[in-house]
Amino acid sequence: MEGVDPKTLPVMQRVNLLLKALNGAKRTNEALARCADGEAMLDVLQQASAKLGLGLSRADLQNTPPIRDWIWWKNKEALLTIGDNKPGYQQDVRKAPRDPESGVATTSPGDPGAAEPARKRFFGLF
């Protein structure tokens, strides 16, 4: 992709370029392996992004798979939870509660005072 500024590419394409550069990069991979937690991994990945001129921010790295998943794994956080914990990926936003009769949202999803909907419990086996 000669002549194209990598910073103008979509985040996913820039992350893919970073992943290709990490493949076989012994020192960077060793540095990632030595990281104590996800924050340290973000530091290493952001430095690699800067050296490659990709311009990825910490938020870009933290929210884009598969790097997002590496960070959660390093932090020993669950990618998906089932049961009473919040289901789905941790960054997913909960939907606003809906009126059972009309199906209309009672609050907006971004409303800080929005209550979580009541959860149905499943006690059977699947």
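User: Which residues does S49 touch, not counting residues up to four places away in sequence?
Analyst: Keep in mind that we're looking at a predicted model. S49 sits in helix 3, and its relative accessible area is 1%. Buried means under 20%, so S49 counts as buried. Skipping residues up to four places away in sequence, the ones S49 touches are L18, L54, G55 and L56.

User: What secondary structure does the protein chain have, in helices and strands?
Analyst: Let's walk along the chain. From the N terminus on, the elements run α-α-α-α-α. In numbers, that's five helices and zero strands.

User: How do helix 1 and helix 3 lie: roughly parallel or roughly perpendicular?
Analyst: Two packed helices are described by the angle between their axes and the distance between the axes. Helix 1 covers residues 11-22 and helix 3 covers residues 38-52, and they pack at about 100° with axes 10 Å apart. Angles of 65 to 115 degrees count as roughly perpendicular. So helix 1 is, relative to helix 3, roughly perpendicular.

User: Which residues make that contact, and how many of them are nonpolar, polar and charged?
Analyst: Helix 1 brings L18, A21 and L22. Helix 3 brings L45, A48, S49 and L52. Sorted by class, the contact of helix 1 with helix 3 has six nonpolar, one polar and no charged residues.

User: And helix 3 with helix 5: at what angle do the axes cross?
Analyst: Helix 5 is made of residues 67-74. Its axis and that of helix 3 come within 8 Å. The crossing angle is roughly 145°.

User: What is the class make-up of the contact of helix 3 with helix 5?
Analyst: Start with who takes part. Helix 3 supplies G38, M41, L42 and L45, while helix 5 supplies I67, W70, I71 and K74. Divided by class, the residues of this contact come to six nonpolar, one polar and one charged.

User: Which element gives the largest share of the lining of the largest pocket?
Analyst: The largest pocket has a volume of about 250 Å³. Its lining is A21, L22, A25, R27, T28, A31, V44, Q47, A48, K51 and L52. The elements giving two or more residues to that lining are helix 1, helix 2 (26-34) and helix 3. The largest share is five residues, and the element they come from is helix 3.

User: How do the lining residues of the largest pocket divide by class?
Analyst: Charged residues do turn up here, with R27 and K51 among the lining. The full split of the lining is seven nonpolar, two polar and two charged.

User: Is D60 buried or exposed?
Analyst: D60 lies in helix 4. Leaving aside its neighbours within four places in sequence, D60 is in contact with V11, R14 and G55. The relative accessible area of D60 is 18%. The cut-off for buried is under 20%, so D60 is buried.

User: What about A59: where does its relative accessible area put it?
Analyst: A59 lies in helix 4. Its relative accessible area is 41%. Exposed would need over 50% and buried under 20%, so A59 comes out as partly exposed.

User: What distance separates the C-alpha atoms of A59 and L42?
Analyst: These two are 17 residues apart along the chain. In space, their C-alpha atoms are separated by 9.3 Å.

User: Which residues does the cis peptide bond join?
Analyst: Most peptide bonds are trans. Here there's a cis one, with omega about 0°. One partner, P66, is found in the loop between helix 4 (58-63) and helix 5. The residues joined are P65 and P66.

User: What share of the protein chain's residues count as buried?
Analyst: Remember that buried means under 20% relative accessible area. The chain has 126 residues, and the share of them that count as buried is 23%.

Definitions and conventions
Residues are numbered from 1 along each chain as its sequence is written. This is a predicted model: local features need pLDDT of at least 70, side-chain atom pairs count only at pLDDT 80 or more; totals for chains, interfaces and linings use all residues. Side-chain values use heavy atoms; hydrogens and water are left out. Axes are lines fitted to C-alpha atoms, for helices over the stretch in contact, and angles run from 0 to 180 degrees between N-to-C directions. Helices (H or I, at least four residues) and strands (E, at least two) are DSSP runs, numbered from the N terminus. Angles under 35 degrees count as roughly parallel, over 145 as roughly antiparallel, 65 to 115 as roughly perpendicular and the rest as oblique. Contact means heavy atoms within 4.5 Å. Ala, Val, Leu, Ile, Met, Phe, Trp, Tyr, Cys and Pro count as nonpolar, Asp, Glu, Lys and Arg as charged, and the others, Gly among them, as polar. On a 1 Å grid over the protein atoms alone, a cavity is a set of points where a 1.4 Å probe fits but cannot get out, and a pocket is an open set with protein on both sides within 12 Å along at least five of seven lines; lining residues have an atom within 4 Å of a point. Grid points are joined across faces, edges and corners, and a volume is the space filled by probe spheres set on the points. Buried means under 20% relative accessible area, exposed over 50%, partly exposed in between (1.4 Å probe, protein chains only).
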